[in-house]
Structure formats: structure tokens, C-alpha cells
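Please open the model in your viewer and keep a selection prompt ready. The stops below follow one another, each with something to select and a note on what is there.

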Amino acid sequence: MSTPNVLIVGAGPTGLINALTLLRNGISVRIIEKQDSFQLGTRGCGMQPRTIEMYKLLGILPDLLEVKTDPFPVVKFSSPQGDDEEGKVIPMVERIENTPSRPYNTGYMLMQERQEHLLRTRIEKDYGVTVELSTELSSFEEHEDHVIAHIVKHVPNAGENTEETVKVDFLVGADGGRSTVRKQLGLPFMGDDSESLKEIGMVAGDIEALEGTLDQKVWRMWGDTTSNLLSLRPCAIPHKTHLNFFIGGADVNLEKVASNREELVNAIHAITGRDDIKFGKVINLGVWRPNIRMTSSFGKGRVFIAGDAAHVHSPTGGQGMNSGVQDAINLGWKLALVSKNLSPPSILTSYTAERVPVIATMLSKTTELFHKTFQPASPEKMAEGWRRGYELRMFGVNYRKSGIILDEKYSYGADEAVDPYRSGDDGTVRAGDRAPDAPKLSPVGQTNATTYTTFLDLYNPAYHTILVFADPGRNREAIETILETIRGLPSSKDIIKTVVVLPQTSSSNDASTSSADMVLLDTEGYAYKHYDVAGDSQQPTVFIVRPDGFIGGLVFGVEGIKKYFGLILKL
Ligand SMILES: Cc1cc2nc3c(=O)[nH]c(=O)nc-3n(C[C@H](O)[C@H](O)[C@H](O)COP(=O)(O)OP(=O)(O)OC[C@H]3O[C@@H](n4cnc5c(N)ncnc54)[C@H](O)[C@@H]3O)c2cc1C
């Protein structure tokens with residue numbers, strides 16, 4: 001086997017997204033998974049809007065659209081359910097209309113098992129890379145310019161294992177909450193050790209519902225955590241009637257309910273008061289106990305951790321899998337540039353610097369929801385625990401205070417706090433924020449004037465996209481100087497795309513007047529509006545969009561561009 005650049009340990013969503021990001025960048029990977037079969041079950045099934053945008057960035061949105069479902073209406077019943085009780089609809093996730101700047105404003109549902117299948121299939125189809133099952137990382141040694149990994153291959157039923165030593169440039173531990181990589185790095189896993197947490201938990205898993213008893217159109221709940229709570233949510237697998245369940249609450253003996261199928265079904269019948277609900281086989285079943293922890297550093301030297309390996313938390317709020325996706329992409333593009341010897345290894349420290357504040361904030365939000373749901377001070381607080389705030393859609397996640405972000409328009413005082421989960425509330429668009437979308441952008445010079453594109457169609461994990469907001473009618477010389485500066489950057493053709501964005505009122509309609517990769521006319525004015533640039537601006541405004549879809553630089557000319565890439569590349 002040829003030596004890959006990066007060894008990825010763990011084939012959950014984090015490892016797979018990291019692999020795809022690296023592969024899209026031309027970096028070779030090997031993905032190892034210690035289990036002898038792929039994980040089953042619903043688990044992280046709520047895909048937040050920002051994760052959908054990340055899927056688009058990675059070129060896998062069409063795959064997702066084929067299999068996803070929209071969030072189900074949540075209907076709550078008493079426990080036990082009264083005769084003919086119709087249930088009350090709970091406003092858990094508010095459906096919000098899409099907007100030109102946020103074209104995916106409400107999340108999707110896709111059980112984690114199917115999400116992982118989608119990712120594995122795409123990786124195999126596009127790159128011929130498959131996950132190596134029964135292959136476990138046992139230890140590693142980190143050296144100045146490489147990592148040595150010791151791997152054990154379990155040979156099922158043979159009772160023998162084979163050992164292998166591999167040399168790689170980097171190692172990524174996407175190996176879940178009990179991460180071997182985190183432990184060997186000696187990173188602390190700080191969190192809540194309070195006794196009261198140990199008393200809480202739920203039985204979770206998936207079960208086959210026999211047809212005709214419960215439809216697959218709504219998410220049903222009975223009772224509450226002060227006594228007993230049951231949730232039955234459709235798994236939405238075509239031609240199957242599987243339901244994802246969780247059962248918890250003060251009166252529930254979790255170990256007993258999780259001990260076998262009969263106990264589980266008895267508990268469901270008791271909580272619902274309905275023994276007309278018939279079940280088939282149990283797909284998976286286990287007790288979940290809250291573990292709320294994170295590490296202070298997401299890596300050391302050439303070894304990194306991501307996803308649950310770096311942070312574990314309550315599923316309330318549906319942020320876990322979604323945060324792992326963002327870790328994986330944040331790390332992926334940086335590792336790619338360092339592997340290509342275009343960026344200094346020091347850029348990799350920004351992975352920890354950018355993700356730690358975001359994850360710490362996420363932990364406090366999901367923990368607050370957890371306490372309201374499982375240890376409510378009042379019925380009102382419990383109702384709040386089921387309401388998912390807008391910020392959980394993750395549009396506001398930002399890296400405004402990162403050391404590799406450059407903002408020539410806005411500045412912050414040394415002590416000024418920035419909420420890593422909320423940007424854009426004040427109507428500003430700053431470096432470090434999510435790069436907004438804008439539709440109805442018409443490529444100038446194309447014969448078919450009805451072909452439009454959007455910014456989210458252009459962003460790509462393999463390059464920086466530089467948006468130059470300017471009108472050649474006023475700024476032709478300045479635009480060309482900017483483009484020339486960019487062409488002078490190392491490997492610019494491979495890692496940077498330039499786009500000149502003309503204001504709606506521009507009379508320039510000849511793309512040959514610019515040497516940019518693309519010239520777009522902002523036909524409806526969305527681009528200028530969403531990026532807060534005046535159409536009659538006297539100087540170009542430049543947004544440097546990073547490969548992860550965040551604005552890296554907001555600058556006004558060549559000095560700013562050189563300064564930004566001075567932070568990113570070996571110049
Ligand atoms: C009941 C429940 C509901 C949830 N709901 C949501 C939700 O709605 N939304 C959401 O965002 N998140 C949710 N989550 C959280 C989500 O499931 C996790 O955050 C997600 O699985 C983390 O992905 P990961 O790839 O980081 O880790 P994992 O999925 O844990 O994958 C790690 C992989 O690494 C492998 N591995 C471990 N050690 C080694 C080794 N030494 N060598 C090789 N392989 C190894 C493991 O076998 C495993 O396959 C939920 C979790 C639970 C339990």
C-alpha cells in the first residue's frame with residue numbers, strides 16, 4: 001500500500017468529512033475503523049442549515065437531497081395517552097422561509113447511519129478510497145516531519161491479529177469520545193463531574209414498527225422527564241418502518257428497560273398506555289448517560305483530534321455531529337495547504353484557536369438545554385428546553401478574533417468580547433463570519449444571459465475565492481493591480497479563484513476587460529447588499545473567502561491582500 005499523507009482514525013461523520021475535504025484538495029488519505037462493521041442507528045440525524053452549506057461546499061448536496069427528509073412536526077401526548085387524544089404540536093424547530101442570503105434556512109433530517117453511507121459512497125466513487133474495517137490504531141509516535149502509527153488488523157473469527165507500522169505526514173484522531181489519540185496526546189478532557197449528572201440518562205436506539213400502527217409522518221412524544229418521557233421519531237428509511245426511540249425520566253429504570261426487547265416494548269406500552277402499537281426487531285439499543293467535556297487543545301505537532309474525540313455533550317440542541325463536520329473542514333483545508341508545502345505548519349495552531357471558543361460556547365448552549373429538559377426548575381423551563389433557538393442553526397458561528405483573519409473595516413478592542421456563535425445580528429458582515437450567499441449573479445460575457453450562478457455555487461474546499469467588488473468603469477486600474485498581485489502569489493492558479501463582482505448599475509458587459517477567473521454582474525443587487533458594499537463605492541472592496549466558506553479577509557487593496565496571504569501562505 002502506498003503511503004498516504006494523512007491517516008484518519010475513525011470512520012464516523014467527522015473522519016469521513018475530513019477525508020473528503022483532504023481528497024478534494026488532492027491529499028491522499030487512509031481511513032481506518034476498528035469496528036468490523038459500520039455503525040448502525042439514528043444518533044446525529046438533525047442536520048443544521050450550516051452543515052447543509054458545508055455539504056454544498058464539498059459537492060455532495062445533490063447526494064443529500066436525494067435521501068434527506070424535512071424535520072417532522074413534533075406532537076406531544078399525555079402519559080398514558082388518553083382515549084382519542086389528538087396530541088399537541090410542539091414548536092421545536094421553527095420553519096423559516098429561505099432567503100437569498102440563506103438558501104437553506106431550516107435543517108434536514110437524515111439518520112447518521114445513512115449519512116455515513118452517503119459519505120463513504122462518495123469517497124469511494126470519486127477517489128476509490130474505502131474505509132478499512134477491523135483496523136485499529138493502537139499507538140503512535142510523533143516526529144518532527146512525520147508520524148509513525150502502529151495499527152492492529154483484527155482478523156474476524158481467526159483469533160489472530162496482524163500488526164502494521166505506517167509512516168504518514170499527519171494523523172487525525174476522529175475516534176470518538178473515548179479517543180485513543182486524545183489520550184495518547186495527554187490532552188485533558190475537562191468537564192462536568194457532578195454526581196447529579198450520573199443519575200440522568202436515557203435508553204436510546206432504533207426499533208422496527210409493524211406497519212399500520214404508527215405512520216412515518218410525525219415525531220411523537222409522551223410524558224416528560226419529571227416521571228417518564230418517550231420519544232418515537234421516524235427513521236425515514238424508504239420501504240421500512242423503523243422508529244428512533246428514547247426513553248428517560250425520574251421513574252424509568254434505564255438498565256432494566258435496555259436489558260432486552262421485551263422490557264423495552266413493555267416500557268413503551270406502559271408510557272403510552274397503548275398496547276395496540278406493535279413492534280418487530282430491535283435494530284440497536286443502549287443507555288446514554290450525559291458526558292459533557294471538551295479538551296483545551298485540538299492537537300499537538302502533527303497529530304490532531306476532531307469531533308467527539310475533542311468534545312462530547314448532550315444531544316439536546318443537535319450540535320454534536322454538526323460541530324464535528326465544522327472541525328473536520330476547518331482542519332482539512334489547513335492540513336492540505338501545509339501538506340503541499342504552501343503554508344507554514346504554524347497555521348495549524350489556528351485550528352485549536354478557532355474551534356475552542358466555538359465549542360466552549362456550543363457546550364454551554366447544549367448544557368443549558370439539557371438541564372431545562374432533564375432537570376427542569378418549572379414546567380415553563382421544560383417547555384423552553386424543547387425550543388431550538390435560531391443560533392443552533394450555526395449561521396452565526398464565526399472566527400472574528402482568529403489570528404489568521406484580517407479585517408480592514410472593523411476592529412476589536414483587546415478586551416472586547418465576541419460571541420463565537422452569533423455574528424451578523426447587527427447587520428454587519430465581517431472577516432471571520434460565514435460568507436453569505438447571493439443569487440442571480442450573471443456571468444458577464446456569456447451568450448446565454450439567463451444562466452445565473454450564486455456565491456455558494458462557487459465556494460470550494462480546494463481554494464480561496466477572492467471577491468473583488470468593483471466597477472471597471474470607475475476602478476479598472478485598481479482591479480487589474482489587485483488581480484496581478486494575486487497572480488503573483490505562490491501556486492495562485494491552483495489555490496485561488498478570482499471573481500470580479502460588478503454592481504447592478506454597472507455598464508461594463510465585456511469580461512475580456514478583466515483578467516479575473518470570472519466576472520459576475522449582480523443583476524438584483526443581492527451580492528452588494530449581503531456583503532454590505534455600496535454600489536457606487538469609489539474603491540474596490542475585497543472579500544477573501546476561505547476554503548471552508550468563512551470570510552478570511554475584508555480588505556481594500558493590494559496591501560491587505562498581501563497581508564492576509566502573509567498569514568496563510570509561505571511568502
Ligand atoms: C442518542 C444520541 C443522539 C444524538 N443526536 C444528535 C443530533 O441530533 N445532532 C447532532 O449533531 N449530533 C447528535 N448526536 C451526537 C453525534 O452522534 C456525535 O456527535 C457524532 O457521532 C460524532 O461523530 P464522530 O465522527 O466525531 O465520532 P463517532 O461517530 O463516535 O465515530 C468515531 C469512530 O472511531 C472509531 N474508533 C475509535 N477508536 C478507534 C481506534 N483506535 N482505531 C480505529 N477506529 C477507532 C469508532 O469505532 C467510531 O466508529 C447524538 C448522539 C447520541 C448518542
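Which atom of the ligand lies 3.5 Å from a backbone N or O atom of Gly-44? Select Gly-44 together with the ligand, and the partner of that backbone atom proves to be an oxygen atom of the ligand. Such a pair is a polar contact, that is, a pair of N or O atoms within 3.5 Å, where a pair within protein must also have one atom able to donate a hydrogen and the other able to accept it, and residues adjacent in sequence count only if both atoms are side-chain atoms.

Before going further, note that this is a predicted model, in which local features need pLDDT of at least 70 and side-chain atom pairs count only at pLDDT 80 or more, while totals for chains, interfaces and linings use all residues. Residues are numbered from 1 along each chain as its sequence is written, and side-chain values use heavy atoms, with hydrogens and water left out.

**Around the ligand**

Stay with the ligand and add Lys-34, where a backbone N or O atom lies 3.1 Å from a nitrogen atom of the ligand. Then add Asn-322, which places a polar side-chain atom 2.9 Å from an oxygen atom of the ligand. Taken alone, the ligand exposes 1000 Å², of which the protein buries 89%; accessible areas come from the Shrake-Rupley method with a 1.4 Å probe, and for residues only the protein chains shown count as cover.

Now select the whole shell, in which 31 residues surround the ligand, the closest being Thr-14, Glu-33, Gln-112, Asp-308 and Met-321; a residue belongs here if one of its heavy atoms lies within 4 Å of the ligand. Coloured by residue class, this shell divides into 9 nonpolar, 16 polar and 6 charged residues, where Ala, Val, Leu, Ile, Met, Phe, Trp, Tyr, Cys and Pro count as nonpolar, Asp, Glu, Lys and Arg as charged, and the others, Gly among them, as polar. At least two residues of the shell come from each of α1 (13–24), β7 (135–142) and α9 (320–339); the helices (H or I, at least four residues) and strands (E, at least two) are DSSP runs, numbered from the N terminus.

**Backbone details**

Move next to Arg-43, in the loop between β2 (29–32) and β3 (46–47), where phi is near 30 degrees, a positive value in a residue other than glycine. Select Ser-79 and Pro-80 after that, and you will find them joined by a cis peptide bond with omega about -5 degrees; Pro-80 is in the loop between β4 (74–77) and β5 (88–90). Lys-440, in the loop between β21 (406–407) and β22 (441–443), also has a positive phi, near 55 degrees. With 35% relative accessibility, Lys-440 counts as partly exposed, on a scale where buried means under 20% relative accessible area, exposed over 50%, and partly exposed in between (1.4 Å probe, protein chains only).

**Salt bridges**

How many salt bridges does a search of the whole structure find? The search finds 26, each being a side-chain nitrogen of Lys or Arg within 4 Å of a carboxyl oxygen of Asp or Glu.

Select Glu-53 and Arg-50, whose side chains meet in a salt bridge at 2.6 Å, N to O. These two residues are 3 apart in helix α2 (residues 49–57) and therefore separated by about one helical turn; Glu-53 is buried at 4% relative accessibility, and Arg-50 is buried at 2%.

Compare Glu-559 and Lys-562 in helix α16 (residues 558–568), again 3 residues apart and separated by about one helical turn, with a salt bridge of 3.9 Å, N to O. Here Glu-559 is exposed at 54% relative accessibility, and Lys-562 is partly exposed at 41%. A further selection, Arg-24, Asp-63, Arg-122 and Asp-126, shows one network joined by salt bridges that share partners.

**A three-stranded sheet**

Finally, select β11, β17 and β20, which form an open sheet of 3 strands in the order β11-β17-β20 with antiparallel pairing; two strands pair if DSSP finds at least two bridges between them. The edge strands, β11 (190–191) and β20 (311–312), each pair on one side only. Strand β17 (residues 293–294) pairs with β20 over 2 bridges, and Met-294 stands opposite His-311 in β20.
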